[in-house]
Amino acid sequence: MTTHTDVHAHSHPINKGFLSWVARWLFTTNHKDIGTLYLLFSLVMFFVGGVMALIIRTQLFHPGLGFIEPNFYNVMVTVHGLVMIFGVIMPAFVGLANWMVPMMVGAPDMALPRLNNWSFWIIPFAFTIIISTLFLKGSGPNGGWTMYAPLSTTYGPPSMDFLIIGIHLLGISSILGAINIIATILNLRAPGMTMMKMPLFVWAWFITAFLLIGAMPVLAGVVTMMLFDRHFGTSFFSAAGGGDPVMYQHLFWFFGHPEVYIMILPGFGIISEVIATFSRKRLFGYPFMVGAIAAIALLSYVVWGHHMFTAGMAVGAQLFFMYATILIAVPTGIKVFNWIATMFRGSLTFETPMLFALGFVVLFTIGGFSGLMLAIVPADYQYQDTYFVVAHFHYVLVAGALLSIFSGVYYWLPKWTGHYYNETLGQLHFWLTIIGINLTFFPMHFLGLAGMPRRVVDYAPQFMPANMLCTIGAFILGFAQLIFVYIVIRAMMKKGKPADARVWEGSHGLEWTLESPAPYHSFSTPPVIS
Amino acid sequence: MMPKPMLKDYRPVNYYFVADPSYWPLFGCFGLFATLVGGINMLHHNTFGTYLFLTGIALLVITMFGWFSLVVRESIQGLHSKQMDKTYRWGMMWFIVSEVALFGVFFGALFYTRMFTIPDLSGTAGILAKALLFTKGDTTHIYLWPHFKAAWPLLVNPNPELFPGPERVINTWGIPALNTVLLLSSAVALTWAHWGFKSDNLKQVKIGLILAILLGLVFVGCQAHEYLLAHLEYHLTIYSGIYGATFFMLTGLHAMHVTMGIIMMTVILIRCFKGHFRREHHFAFEAVAWYWHFVDVVWLFLFVFVYWI
């Protein structure tokens with residue numbers, strides 16, 4: 001079946017006046033435009049969430065109250081988490097998928113372009129609602145991003161209702177986006193592009209999309225129950241009426257754990273592309289990489305209990321969740337091993353994307369190991385709700401997901417803009433980021449092991465030196481990102497060395513057959529893959 | 001100007017049609033935003049909430065009308081290639097899967113309550129739960145509500161002052177059984193309508209659709225009657241403890257889906273009268289049929305796990 005596009009004259013961008021410029025971005029159905037919108041939105045929210053993180057770290061610079069009110073501290077912790085997860089990491093990955101998946105499978109565009117536009121534009125509306133909760137009477141949401149009952153039901157401020165509808169909107173956006181990505185990958189591959197020839201980034205997103213379809217409705221359902229408990233007198237999470245607050249945690253983490261992998265699997269895909277390119281080798285063990293992602297995705301649905309070992313859980317359930325969680329180390333180990341094997345005897349160069357990929361492999365593995373420690377029930381009784389947990393999930397989300405996004409952006413930026421970024425600045429960004437991350441989050445391991453609880457506005461004086469280090473690291477990490485903004489703006493203004501179609505010496509795959517910058521419609525006639 | 005649709009010589013294009021820029025998605029965003037923000041403000045007793053909510057609903061209806069008309073026009077013009085048809089099939093299928101997950105979480109709440117919460121609260125965990133170490137023990141029972149007894153349907157809640165339980169619950173073999181028959185016959189009627197396409201008998205399609213819609217409407221009527229009965233006679237309400245909460249949440253969500261299904265079938269019926277479908281080109285009909293059968297299967301689960309067992 002042929003797939004060449006009907007390229008209408010009027011589907012090209014119109015560059016006449018300010019209004020038509022605005023209209024182009026508002027009404028666009030082009031996967032590249034929408035990908036750009038996702039990525040820019042995510043960049044803006046990155047700084048919104050980042051400022052919140054710095055407010056938290058400033059408060060924690062030394063013990064004692066003073067910088068912010070305790071309740072505002074709780075609000076900051078809550079909204080920082082929500083913004084970084086739903087406003088930064090997820091939109092950034094969807095943006096990369098929008099840009100790259102059609103180009104990588106040889107498609108003209110995403111399968112459902114109008115739906116694609118809708119998936120994006122719902123998100124700014126959702127975050128308008130979520131950010132507005134900070135200014136509402138009473139207080140912003142202050143129960144932590146997990147919104148545990150009864151903190152969110154009986155004791156939740158009125159603004160919690162707005163958070164609930166914000167989450168509903170984000171859920172709609174994610175589900176529609178996931179459906180679009182699945183339809184694109186299943187139906188719009190160029191002739192000859194069999195499933196097992198797809199780049200690993202496409203595979204990773206394919207599996208992530210299924211996780212989204214299975215997990216996001218669960219979140220929608222559980223926040224709906226919360227809304228009903230708050231306003232319509234149901235007793236889902238109130239034991240007085242025969243419900244159970246722990247059930248909230250079960251249902252929430254049934255969404256929450258697949259969500260964790262939603263935020264890392266596309267990163268695995270990016271890293272697999274980047275390491276192969278800069279090692280100038282094929283990816284080692286491709287079928288195993290695909291299988292490992294699928295295995296991780298499947299296991300992610302049966303391990304949610306490890307987030308709530310101390311919440312009141314039967315011993316049998318604890319044992320099950322412990323063994324199932326530790327099992328995930330096997331496919332994850334396969335991935336790390338294969339990345340290293342890809343580099344083995346490769347002809348390596350260390351441009352910025354590769355540096356970020358290497359940083360990812362090392363630091364994500366540390367995060368994975370601390371995850372294994374947390375999975376062990378008796379040990380978890382000690383670590384639960386301490387800074388050890390904070391250190392763990394920031395190693396997998398910042399040093400994992402975020403570094404993989406940086407790696408992907410540097411890797412594909414010349415393809416998007418037609419110009420190389422400034423390599424020196426890129427490397428400076430990398431080193432400052434790596435130093436910042438480790439200075440911020442590594443001491444947290446020791447703080448946690450020494451017994452400092454998380455989500456507290458004040459702490460015992462003996463934790464001060466390590467906390468000061470964390471705060472200094474956080475500011476280095478935060479301000480280093482301004483370099484990234486400068487690099488991106490420079491590339492968007494078409495400054496820097498022009499790039500050819502291949503961009504990187506070791507690059508391979510369909511996206512590198514298109515000129516740089518890539519044409520507005522990717523493949524008007526489908527390429528044939530032999 | 002759109003050329004007048006000519007379905008007689010229907011020949012779809014053989015390229016993948018990429019939709020032009022469209023303002024409908026953004027319009028829909030405003031609709032969703034106004035509906036939800038308005039709804040919450042209604043709950044907070046702000047007067048503007050109602051107006052915002054109604055505006056939002058209106059915007060959503062306009063969006064659906066505008067957006068779907070656009071797709072229908074493209075379909076009639078033959079812009080939907082065979083490959084596009086496949087995209088729609090995958091899209092609808094995975095949408096329904098996400099709906100399965102949505103119902104799944106409410107069923108999950110029901111099963112969790114019955115298998116874990118009630119036995120733990122009443123100190124009556126079974127032998128199997130004890131052998132597999134799947135019970136948290138009876139501490140909550142002993143210290144908080146020592147008089148609470150396990151039962152399903154749960155007529156007496158752990159704290160009856162805070163959550164007065166229902167007097168009785170809906171009889172399985174009354175309205176629910178009738179509703180099962182109604183919904184299943186509606187599904188049969190719809191399948192019969194679908195066969196009409198195979199034999200190019202559009203009259204059969206229309207009659208089948210009308211029958212399916214009518215049976216669906218009677219179902220919703222019965223459901224409404226059941227709700228009234230529950231509230232007025234049985235004092236079974238959404239705030240009468242976990243039984244009422246799960247009962248109304250599950251049946252209510254399902255009733256919403258049935259209502260949506262009826263609206264969808266009505267649109268399809270109108271499109272049948274306008275002559276939009278042909279033997280080889282009627283995916284919109286099939287999508288709605290899939291949805292209706294999905295709603296049907298969910299009902300069977302409801303009948304068994306909510307009304308019966």
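## Exercises on a predicted two-chain model

At 18% relative accessibility, His168(A) counts as buried, where buried means under 20% relative accessible area, exposed over 50%, and partly exposed in between (1.4 Å probe, protein chains only). This is a predicted model, in which local features need pLDDT of at least 70 and side-chain atom pairs count only at pLDDT 80 or more, while totals for chains, interfaces and linings use all residues. Residues are numbered from 1 along each chain as its sequence is written, chains are lettered from A and ligands numbered from 1 in the order in which they are written, and side-chain values use heavy atoms, with hydrogens and water left out.

### Exercise 1. The surroundings of His168(A)

Determine in which helix His168(A) is found and which residues it is in contact with, leaving aside its neighbours within four places in sequence.

Solution. Begin with the element: His168(A) is found in helix H5 of chain A. Helices (H or I, at least four residues) and strands (E, at least two) are DSSP runs, numbered from the N terminus. Next, apply the contact criterion, heavy atoms within 4.5 Å. Beyond the neighbours within four places in sequence, His168(A) is in contact with Ala220(A), Val223(A) and Thr224(A). Finally, examine the side chain of His168(A), which reaches the backbone oxygen of Ala220(A) at 3.3 Å.

### Exercise 2. The surroundings of Ile483(A)

State whether Ile483(A) is buried or exposed, and find its contacts beyond the neighbours within four places in sequence.

Solution. Ile483(A) lies in helix H16 of chain A. Its relative accessible area is 16%, so Ile483(A) is buried. With the neighbours within four places set aside, the contacts of Ile483(A) are Leu425(A), Leu428(A), His429(A) and Leu432(A). As a further step, take Phe430(A): Ile483(A) and Phe430(A) are 53 residues apart in sequence, and their C-alpha atoms are 9.7 Å apart in space.

### Exercise 3. The fold of chain A

Describe chain A by its helices and strands, its radius of gyration and its buried residues.

Solution. Chain A has 16 helices and zero strands. Its radius of gyration is 23 Å, close to the 24 Å that the globule rule gives for 530 residues, so chain A is as compact as a globular protein of that length. The radius is taken over C-alpha atoms, and the globule rule is 2.2 Å times the number of residues to the power 0.38. Along the principal axes, the C-alpha atoms of chain A fill a box of roughly 65 × 50 × 45 Å. Of the 530 residues, 65% count as buried. Among contacts between residues at least 6 apart in sequence, 83% join residues at least 24 apart.

### Exercise 4. The interface of chains A and B

Establish how many residues of each chain are in contact, what area is buried and which elements of chain A take part.

Solution. The contacts involve 75 residues of chain A and 67 residues of chain B. The buried area is about 6,200 Å², of which carbon and sulfur atoms give 75%; this is the accessible area (1.4 Å probe) that two parts lose on being put together, summed over both. In chain A, Arg114(A), Phe125(A) and Asn187(A) lose the most area to chain B, together 12% of what that side buries.

Two salt bridges are found across the interface, each a side-chain nitrogen of Lys or Arg within 4 Å of a carboxyl oxygen of Asp or Glu. One of them joins Arg114(A) and Glu74(B), with the closest N and O atoms 2.9 Å apart. The elements that give two or more residues to the side of chain A that touches chain B include helix H1 (17-27), helix H4 (113-132) and helix H6 (200-231) of chain A. The largest share of that side, 13 residues, comes from H6(A).

### Exercise 5. Backbone exceptions

Locate the cis peptide bond before Pro517(A) and describe the positions of Lys494(A) and His45(B).

Solution. Most residues other than glycine have a negative phi, and most peptide bonds are trans. A cis peptide bond joins Ser516(A) and Pro517(A), with omega about -5 degrees; Pro517(A) is in the segment after helix H16 (464-492) of chain A. Lys494(A) has a positive phi, near 60 degrees, and lies in the segment after H16 of chain A. Its relative accessible area of 42% makes Lys494(A) partly exposed. Phi of His45(B) is also positive, near 60 degrees. His45(B) lies in the loop between helix H1 (24-43) and helix H2 (47-76) of chain B, and at 70% relative accessibility it counts as exposed.

Definitions and conventions: Polar contact = N/O pair within 3.5 Å; in protein donor to acceptor, adjacent residues only side chain to side chain.
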